[in-house]
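Here is a short tour for anyone who likes to read a fold through its contacts. Please keep the sequence and the 3D view open side by side as you go.

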Amino acid sequence: QLQLVESGGGLVQPGGSLRLSCIASGFRLGDYAIGWFRQAPGNEREGVSCVNRRSMSDNVYWGHSVTGRFTNTVDAAKNTVYLQMNNLNPEDSAVYYCAAKSGVCGSTWSKNAEYEIWGQGTQVTVSR
């Protein structure tokens, strides 16, 4: 069974940091492009980032609102992708999902429909 499980969400004050984890089972992360998405109440699910692990190098795409504040790391041995989120603000509050798609991220990396495998999501709340 192909599965992704997110963890690491929680409540954090503005300016704080969180690290989300996305653990894959049933497949190798290196065979897929891994995307992070988030959805706040009343909003559409938006793309946060996408990382390729082809050719042993990580090519990462970022949504405009998180560029410079969020980073991805991949631990191939643990089959896990991490999303490090720094300098969080209340607008970052959402349910965060990781997802996997065949192939590479590409210019359409933020389109939900391209992803075949989704995690259950983890809640991130940024508030005083």
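The report below goes through the disulfides, an asparagine in a loop, the aromatic side chains and the strand pairing. Please bear in mind that this is a predicted model.

**Disulfides**

The structure contains two disulfides. They are set out here with their computed geometry.

| Pair | S to S distance | Torsion about S-S | Hand |
|---|---|---|---|
| C22 and C98 | 2.1 Å | about 80° | right-handed |
| C50 and C105 | 2.1 Å | about -85° | left-handed |

With the bonded cysteines numbered in sequence order, the pairing reads 1-3, 2-4.

Let us take the pair C22 and C98, joined by a disulfide. C22 belongs to strand β3 (residues 18–25) and C98 to strand β9 (residues 94–102), so this bond ties together parts that are 76 residues apart in sequence. C22 is buried, with a relative accessible area of 0%, and C98 is buried too, at 0% relative accessibility.

The other disulfide joins C50 to C105. Here C50 sits in strand β5 (residues 46–52), while C105 is in the loop between β9 and β10 (117–118), so the pair links parts that are 55 residues apart in sequence. Both C50 and C105 are buried.

**A loop asparagine beside C22**

Now look at N79, found in the loop between β7 (70–75) and β8 (80–85). Is N79 buried or exposed? Its relative accessibility is 16%, and because buried means under 20% relative accessible area, N79 counts as buried. The N79 side chain reaches the backbone nitrogen of L29 at 3.0 Å. Leaving aside residues up to four places away in sequence, N79 touches C22, I23, A24, S25, F27, R28 and L29. The disulfide cysteine C22 is thus one of the residues that N79 touches.

**Aromatic side chains**

F27, also among the residues touched by N79, leads on to the rings. How many aromatic pairs does a search of the whole structure find? The search finds five. One of these pairs is F27 with Y32: the ring centres are 4.8 Å apart and the planes meet at 65°, so the pair is edge-to-face. Both F27 and Y32 are buried.

Elsewhere, F37, Y97, Y115 and W118 form one aromatic cluster. The cluster member W118 also has a charged partner, since R45 lies over the face of W118, at 4.7 Å from the ring centre. A further arginine, R19, has its charged end over the ring of Y82, 4.0 Å from the centre of that ring.

**Strand β11 and its partners**

The last stop is strand β11 (residues 122–126), where the side chains alternate. T122, V124 and V126 point to one face and are buried. Q123 and T125 point to the other face and are not buried.

Which strands pair with β11? Strand β2 (residues 10–12) pairs with β11 in the parallel sense, over three bridges. Within this pairing, L11 has T125 of β11 as its bridge partner. Strand β9 pairs with β11 as well, in the antiparallel sense and over three bridges. There, V95 stands opposite Q123 of β11.

Strand β9 therefore turns up in two parts of this tour, because C98 of the disulfide with C22 lies in β9 and β9 also pairs with β11.

Methods:
Residues numbered from 1 in each chain as written. Predicted model: local features only at pLDDT ≥ 70, side-chain atom pairs only at ≥ 80, totals over all residues. Heavy atoms only, no water. Disulfide = S-S within 2.5 Å. Helix = DSSP H or I, 4+ residues; strand = E, 2+ residues; numbered from the N terminus. Buried < 20%, exposed > 50% of the residue type's maximum accessible area, 1.4 Å probe, protein only. Polar contact = N/O pair within 3.5 Å; in protein donor to acceptor, adjacent residues only side chain to side chain. Contact = heavy atoms within 4.5 Å. Phe/Tyr/Trp six-rings, centres within 6.5 Å; stacked < 30°, edge-to-face > 60°. Lys NZ or Arg CZ within 6 Å of the ring centre and 35° of its normal. Pairing = 2+ DSSP bridges.
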